[in-house]
Amino acid sequence: MAEGPAPGNPSAGASGAAPRSLWARVWGSHRPGPGRGAEEARGQGALSFLKELPVLLVVAFGLALLIKTFLVQAFFIPSESMEPTLLVGDRVLVNKVVYHLHPPRRGDIIVFEDPHPAAEQGRSGPLGAFWRWLTQGLGVATSPERDFIKRVIGLPGEVVEVKRGVVFINGRRLEEPYLHPLQDTSSYPPTRVPPDSLFVMGDNRVNSNDSRRGLGMIPYDKVVGKAFVLIWPPSRVGLIRSP
C-alpha cells in the first residue's frame, strides 16, 4: 500500500522543497545579502575618513611647525663652502635644542643667521617672512645671503690665526682631516674671539665666506643649531660626526 504524507508534515514529499525555496526568496527580498552590509560599512568608513581628513592635515601641519620651531629644522645646502663634507643640494637636520644644554664645541657644523643682515631684507612683510620661515624650515629652500652653515673653529677667548692655510689656536696647530683637497694658502692675523661668539670657517677654504672675511665673529644668539644628520640624497644618508 502506498504511504501518504506523514501526519502533521504536509510539506514532505516531492513537493516539500517548494515552500522552503519560496520562503528563502521572500526572506532574501527583505534582507540584504551578506556582501551588502560590508560594502555599506566600507562606504561609511571612507566617508568618515574624508570628513576627518582636513582636521588631521591641520593637526599634522601644526605639529610639523612646532617641531620646526623648537626641536629640529631641515636645512638645504646652497653652496660649495662645506665640500667635501656637505655637497650642494644636500639636506641636513639641525638640532635646535642641543645648545640649550651646552655651548657649541670646536668641530661642530652649525647653522646660523646672518650676523649682519641688510636692512632691505626685513621689508618683505609678515607674509613673506612667514613663507620664508616655512619653506626653509621644511628644507625646501634656503637663502645663502641670510642663513649659513659652517664649522666651529675658534671658541670664546681663544686666539685664532691662519698661516698660509694652516689654522692655529692659541699658537697650536689645529688638525683638520675634513678639509677640501684644494689647498688654501691664505692667511689671517691673530685675533681673539669675543665672549659668547664663535669663529667659523667652511671646509672648502678657497670658496667660503666665513669669519675670515665678510661674516666676522658669530654671536651665540645668531646660532640656529647643530647639523647632526644628513637626510638627502639617500646614497649619503648618515650621522654628521664632529672630529
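Start with the whole protein chain in cartoon view: four helices and twelve strands run through it. Both kinds of element are DSSP runs numbered from the N terminus, helices being H or I with at least four residues and strands E with at least two. You are looking at a predicted model, where local features need pLDDT of at least 70 and side-chain atom pairs count only at pLDDT 80 or more, while totals for chains, interfaces and linings use all residues. Residues are numbered from 1 along each chain as its sequence is written, and side-chain values use heavy atoms, with hydrogens and water left out.

Now switch on the surface. The protein chain exposes about 14900 Å², with 62% supplied by carbon and sulfur atoms; accessible areas come from the Shrake-Rupley method with a 1.4 Å probe, and for residues only the protein chains shown count as cover. Of its 243 residues, 33% count as buried. Here buried means under 20% relative accessible area, exposed over 50%, and partly exposed in between (1.4 Å probe, protein chains only). Among contacts with a separation of 6 or more, 69% are between residues 24 or more positions apart, a contact being heavy atoms within 4.5 Å.

Next stop: the salt bridges. The structure holds seven of them, each a side-chain nitrogen of Lys or Arg within 4 Å of a carboxyl oxygen of Asp or Glu.

Select Arg 236 and Asp 90, whose side chains meet in a salt bridge at 2.5 Å, N to O. Arg 236 sits in the loop between strand 11 (223-232) and strand 12 (238-239), and Asp 90 in the loop between strand 1 (72-76) and strand 2 (91-95), so the pair links parts of the chain 146 residues apart. Asp 90 is buried at 2% relative accessibility, whereas Arg 236 is partly exposed at 27%.

Then select Lys 226 and Asp 108, a salt bridge at 3.7 Å, N to O. Lys 226 belongs to strand 11, and Asp 108 to the loop between helix 3 (98-101) and strand 3 (109-113), 118 residues apart. Asp 108 is buried, with 2% relative accessibility.

Move on to Glu 176 and Arg 205, where the closest N and O atoms of the salt bridge are 2.5 Å apart. Both residues are buried. For a network of salt bridges, add Asp 184, Asp 210 and Arg 212.

Keep Glu 176 selected and add Gly 165, Val 166, Arg 173 and Leu 179: of the 15 residues lining the second largest pocket, these five lie nearest its centre. A pocket is found on a 1 Å grid over the protein atoms alone, as an open set of points where a 1.4 Å probe fits, with protein on both sides within 12 Å along at least five of seven lines; lining residues have an atom within 4 Å of a point. About 220 Å³ of space lies in this second largest pocket.

Finish with some backbone details. Most residues other than glycine have a negative phi, and most peptide bonds are trans. Look at Glu 83 and Pro 84, joined by a cis peptide bond with omega about 5 degrees; Pro 84 is in the loop between strand 1 and strand 2. The bond from Trp 232 to Pro 233 is also cis, with omega near 5 degrees. Last, select Arg 164, which has a positive phi of about 50 degrees and is exposed at 58% relative accessibility. Asn 170 has a positive phi of about 50 degrees as well, and Asn 170 counts as partly exposed at 48%.

How values were computed
Grid points are joined across faces, edges and corners, and a volume is the space filled by probe spheres set on the points.
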